Amino acid sequence: FSIFDCHSVSIWTAQSRYAVIISAVIVDYEMLFSSVDPKTMAMLLHDVCCILDSCVEDSCQHNLKQLPNSEAVEEVECECPFKMNMIGDSYVAASLHDDISGFDPTIFLCKMLSLASQMVSRTKEVSILQQSETAANSTSMLKMGLTCGRFVAGVVGFEQPRFHLYGKMIQSTSLLNSNSEAGCIRLSKEAAEILGHSSDDVLIDLH
């Protein structure tokens with residue numbers, strides 16, 4: 001990483017780093033929001049967020065358990081998925097990797113797809129969802145998007161500064177999950193090519 005001091009705020013750039021990002025949104029969020037009272041909606045978002053947080057943590061712990069020895073812990077921790085943000089009903093998780101010569105992102109894409117599948121499966125546990133009319137017409141409460149590529153990362157701003165990734169792929173992830181379907185994940189063109197799909201419009205059923 002390179003660090004720049006911009007008006008006393010650190011901006012970290014990652015020129016040789018690669019990210020895999022998944023984003024999840026609640027199916028028919030606006031309809032659900034209008035059909036329940038504010039307290040119930042807050043409880044729903046809390047329960048969903050806690051489940052997704054748990055999925056991310058379990059995925060990271062699984063990666064660490066696969067280590068042959070303790071020397072590689074720091075390297076694998078950098079590659080562990082982490083929660084990047086939660087804006088409204090959109091939950092974003094990412095994993096970061098060194099984009100060095102010979103780097104093959106396939107295994108990391110597959111790991112994030114596995115994480116996405118766990119998220120879809122475990123959010124069915126949300127009791128409030130089972131009581132809603134929205135859930136009755138849907139096979140899952142989540143629809144998702146996945147993209148990958150190089151990025152710039154930074155902790156910017158004075159109010160509530162936080163580490164965040166910036167770049168075209170961040171915006172495309174939101175568009176991908178908006179155009180996805182319940183219980184499915186839509187891949188970006190780059191991710192589809194890496195995973196060997198001939199089409200650049202790939203929708204994968206996560207059930």
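Two strands count as paired if DSSP finds at least two bridges between them. With that in hand, let's work through this predicted model.

**Exercise 1.** Work out the strand order of the six-stranded open sheet, and find which strands form its edges.

*Solution.* Start with the pairings: read across the sheet, they give the order β4-β5-β3-β6-β9-β10, and the pairing is mixed. Next, look for strands that pair on one side only: these are β4 (82-87) and β10 (202-205), the edge strands. Finally, follow the twist, which averages 20° from one strand to the next.

**Exercise 2.** Describe how β3 and β6 are joined, and find the residue opposite Ile21.

*Solution.* Take the two strands, residues 17-26 for β3 and 142-150 for β6. They run antiparallel, with nine bridges between them. Now step along to Ile21: across from it, in β6, stands Thr147.

**Exercise 3.** Which strands do helices α4 and α7 touch as they pack on the sheet?

*Solution.* Begin with α4 (residues 106-122), which touches β3, β5 (90-98), β6, β9 (184-187) and β10. The direction of α4 makes about 160° with that of β6. Then turn to α7 (residues 168-178), whose contacts are with β3, β4, β5, β6 and β9. For α7, the angle with the direction of β6 is about 155°.

**Exercise 4.** Place Val152 in its strand and explain why Val152 can belong to a surface patch.

*Solution.* First, locate Val152 in strand β7 (residues 152-156). Patch members need over 30% relative accessible area; Val152 has 38%, so this residue is partly exposed and passes that cut-off. Last, add the partners: Val152, Val156 and Tyr166 make up a nonpolar surface patch with about 210 Å² of accessible area together.

Conventions:
Residues numbered from 1 in each chain as written. Predicted model: local features only at pLDDT ≥ 70, side-chain atom pairs only at ≥ 80, totals over all residues. Heavy atoms only, no water. Helix = DSSP H or I, 4+ residues; strand = E, 2+ residues; numbered from the N terminus. Axes fitted to C-alpha atoms, helices over the stretch in contact; angles between N-to-C directions. Contact = heavy atoms within 4.5 Å. Patch = residues over 30% accessible without salt bridge, like charges linked within 9 Å, V, L, I, M, F, W, Y side chains within 5 Å. Areas by Shrake-Rupley, 256 points an atom, 1.4 Å probe, with all protein chains shown as cover. Salt bridge = Lys/Arg side-chain N within 4 Å of Asp/Glu carboxyl O. Buried < 20%, exposed > 50% of the residue type's maximum accessible area, 1.4 Å probe, protein only.
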